[in-house]
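Work through the following exercises with the sequence and the model in view. Try each task before reading its solution.

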Amino acid sequence: MNRELAVIAGRLRGGDYDGVMIIKNLWQKESEDSYKGDTYEPEMLKSTKRMLLCQARSGLESLTTTMLLTPKEAAAKAELIAPELTGDNAVDTEGCWHVFTRQETLDFVIAVGDTNQIHRTEIPVVPGIFIMERILETLPKNVVKFEVSYRNAVFAGEPLWLDVEGNKVVLRGNGKEYINGIFEVE
């Protein structure tokens, strides 16, 4: 996935909102015939008090994101609890697909200009677009469309397993399903 898409999508943040939670992403690679230039400003497709639907384009790629918005006062009170992965709750990482580290999460948010504080804590929430990027790197190179729904927050340090069956993708770990998606190839 073109990382410029994450930078462009990140420009769409409401001034009254401090936190967003991505609930769905649709990445598409378009045909050469549909090429309209290198980079576009993000476009807000729909906006309500609690939701944004926006689209970013870069080259032949587009990313349509559906986000839930958290007002600043609610974001200050919200508390995401990272799972305890030690002691009796330790998880066997044998055969896992990936464990996102705090440093690689921080490197990503700095690179794309994401200022959401949940990605900068001691045990950060891994950005959904970053996870999607990594999954796309795992899928066949001829993928032209990939749609994912986010079910739970992924924290740095959590072992993750990626199941790909046919055109379906499920990301799971710590007894939860984090992402499910479908993809199309050309």
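**Exercise 1.** How many helices and how many strands are there in the chain?

*Solution.* The model is predicted: local features need pLDDT of at least 70, side-chain atom pairs count only at pLDDT 80 or more, and totals for chains, interfaces and linings use all residues. Residues are numbered from 1 along each chain as its sequence is written, and side-chain values use heavy atoms, leaving out hydrogens and water. Helices (H or I, at least four residues) and strands (E, at least two) are DSSP runs, numbered from the N terminus. The chain has four helices and nine strands. Read from the N terminus on, their order is α-β-β-β-β-α-β-α-α-β-β-β-β.

**Exercise 2.** State what share of the 186 residues in the chain is buried.

*Solution.* Buried means under 20% relative accessible area, exposed over 50%, and partly exposed in between (1.4 Å probe, protein chains only). By this rule, 39% of the 186 residues are buried.

**Exercise 3.** Find the largest nonpolar core and the helix that gives the most to it.

*Solution.* A nonpolar core is a set of buried Ala, Val, Leu, Ile, Met, Phe, Trp, Tyr and Cys residues joined through side-chain atoms within 4.5 Å. The largest one has 36 residues, and those with the most contacts inside it are Trp-27, Ile-131, Ile-135, Leu-139, Phe-146, Leu-171 and Ile-179. Helix H4 (residues 128–138) gives the most to this core, namely six residues. In soluble globular proteins, nonpolar side chains tend to be buried together.

Next, take H4 by itself. Eight of its eleven residues are buried, so H4 is largely enclosed by the rest of the structure. Among the buried ones are Gly-128, Phe-130 and Glu-133.

Last, take Ile-131, which is buried in H4. Contact means heavy atoms within 4.5 Å. Neighbours within four places in sequence aside, Ile-131 is in contact with Phe-100, Val-126, Val-154, Leu-171 and Ile-179.

**Exercise 4.** Where is Asn-174 placed, and what is its phi?

*Solution.* Asn-174 is in the loop between strand S8 (168–173) and strand S9 (176–185). Its phi is positive, about 50°, although Asn-174 is not a glycine. With a relative accessible area of 25%, Asn-174 is partly exposed.

**Exercise 5.** How many disulfides does a search of the whole structure find?

*Solution.* A disulfide is a pair of cysteine sulfur atoms within 2.5 Å. The search finds zero. Cys-54 is buried at 1% relative accessible area, whereas Cys-96 is partly exposed at 22%.
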